[in-house]
Amino acid sequence: MTMAQAGAVVAAATGLLVFFLYSSIHKVEEGHLAVYYRGGALLTNPSGPGYHIMLPFITTFKSVQTTLQTDEVKNVPCGTSGGVMIYIDRIEVVNKLAPYAVYDIVRNYTADYDKTLIFNKIHHELNQFCSAHTLQEVYIELFDQIDENLKLALQKDLNVMAPGLTIQAVRVTKPKIPEAIRRNFELMEAEKTKLLIAAQKQKVVEKEAETDRKKALIDAAFLAREKAKADAEYYSAQKLADSNKLKLTPEYLELMKYQAIAANSKLYFGDRIPSVFLDSCAFQQANLRTAQETSLPSQEAPETSGESHLRAKESTG
């Protein structure tokens, strides 16, 4: 063998080795597990993220996602109980496969397990729901419940068929219905809106009337309290006036005069008495008595003068 032939053999062997190494080395992305098939048989040991080596041409692998993923089911037909066929443009199913369940689920349903466990089940469960309800219920009344109903139905079956596969959420778009029926629904919604507006206006009017009625009751109660208060004050003042009228008799005024005199520590007698603070009514009574004494008959005057003369003699003696 010449040197040229030997160099060619070495080059060929090196190239073949590089090719085999390239075919055997594979990369698994983060959030995925690699399952291996050898001769069509599933191997029991999946591989995690990173670079791995396998036998080229004999062993193959498939990557299975173990993080949250969203599967879309498009253009799903749905027949209502009344026989109307509607179509749901898109259904999104958010799901997650646990790493410990990868081997069992791939063995039972292959690496494309979502076609069997999610896509086909969505068609089945949605048709079950639509066939049990009318178009009015599916399109309007119960549409907000379709998401939750699909999620619960899917999860119930998966708990038995594929433990470890969890449905996180289901989102359903508005169904497509025949154009003529859609226009009728729009007209019906417009009439319903008018009725709601009229009902709200009526509630506002009733509320305003109730407010006015309560305000009138409050005003009437306030006026009644003020009137009762004024009547009570008038009655008290009237009773006080009547009491004073009965109290201010000549005898009572005379008593008040003597009480005022008795309250002073000094008494003065004579023609010129200093000012004594008495009740004005007492002064009036005193003035009245003075006037009465001056108007007495003249026959009493000699007696008075005689008494004065006798007192004068006694004082001189």
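## Strands, rings and a disulfide in a predicted model

The protein has nine helices and nine strands, and the coordinates discussed here come from a predicted model. Of its 317 residues, 23% are buried. Among the contacts in the protein with a separation of 6 or more, 66% are made by residues that stand 24 or more positions apart.

### The three-stranded sheet

One open sheet consists of three strands in the order β3-β2-β5, and the pairing is antiparallel. Its edge strands are β3, covering 41-42, and β5, covering 59-65, each of which pairs on one side only. Helix α2, residues 102-109, packs on this sheet and touches β2, β3 and β5, its direction making about 50 degrees with that of β2. Strand β2, residues 32-38, is joined to β3 by two bridges, and these two strands run antiparallel; Arg 38 has Ala 41 in β3 as its bridge partner. As a general point, the strands of a sheet pair through backbone hydrogen bonds, in either a parallel or an antiparallel manner.

Thr 60 lies in strand β5 and is partly exposed, with a relative accessible area of 45%. When its neighbours within four places in sequence are left aside, Thr 60 is in contact with Val 35, Tyr 36, Tyr 37 and Met 54. Thr 60 and Val 35 are 25 residues apart in sequence, while their C-alpha atoms are 8.5 Å apart in space.

### Aromatic rings and a charged side chain

A search of the whole structure finds one aromatic pair. It is formed by Tyr 36 and Phe 61, whose ring centres are 6.4 Å apart and whose planes stand at 45 degrees, so the pair is tilted; the angle falls between the limits of under 30 degrees for stacked rings and over 60 for edge-to-face ones. Because Tyr 36 lies in strand β2 and Phe 61 in strand β5, the pair ties together parts that are 25 residues apart in sequence. Tyr 36 is buried, with a relative accessible area of 7%, whereas Phe 61, at 30% relative accessibility, counts as partly exposed.

Elsewhere, Lys 174 is placed over two rings: its charged end sits over the ring of Tyr 139, 4.6 Å from the centre of that ring, and Lys 174 also lies over the face of Phe 143, at 4.3 Å from the ring centre.

### The β6–β7 hairpin and the disulfide

Strands β6 and β7 form a hairpin with five residues between them, and Gly 83 in the turn has a positive phi of about 90 degrees. Ten bridges join β6 to β7, which covers residues 85-97, and the two run antiparallel; Asp 71 stands opposite Val 93 in β7.

The structure holds one disulfide, formed by Cys 78 and Cys 130, with their sulfur atoms 1.5 Å apart. This pair links distant parts of the chain, since Cys 78 is in strand β6, residues 69-79, and Cys 130 is in helix α3, residues 113-131, with the two positions 52 residues apart in sequence numbering. Both cysteines are listed below with the other residues whose accessibility has been given.

| Residue | Relative accessible area | Class |
|---|---|---|
| Cys 78 | 0% | buried |
| Cys 130 | 0% | buried |
| Tyr 36 | 7% | buried |
| Phe 61 | 30% | partly exposed |
| Thr 60 | 45% | partly exposed |

The two cysteines are classed as buried because their values of 0% fall under the 20% limit.

Conventions: Residues numbered from 1 in each chain as written. Predicted model: local features only at pLDDT ≥ 70, side-chain atom pairs only at ≥ 80, totals over all residues. Heavy atoms only, no water. Pairing = 2+ DSSP bridges. Helix = DSSP H or I, 4+ residues; strand = E, 2+ residues; numbered from the N terminus. Contact = heavy atoms within 4.5 Å. Axes fitted to C-alpha atoms, helices over the stretch in contact; angles between N-to-C directions. Phe/Tyr/Trp six-rings, centres within 6.5 Å; stacked < 30°, edge-to-face > 60°. Buried < 20%, exposed > 50% of the residue type's maximum accessible area, 1.4 Å probe, protein only. Lys NZ or Arg CZ within 6 Å of the ring centre and 35° of its normal. Disulfide = S-S within 2.5 Å.
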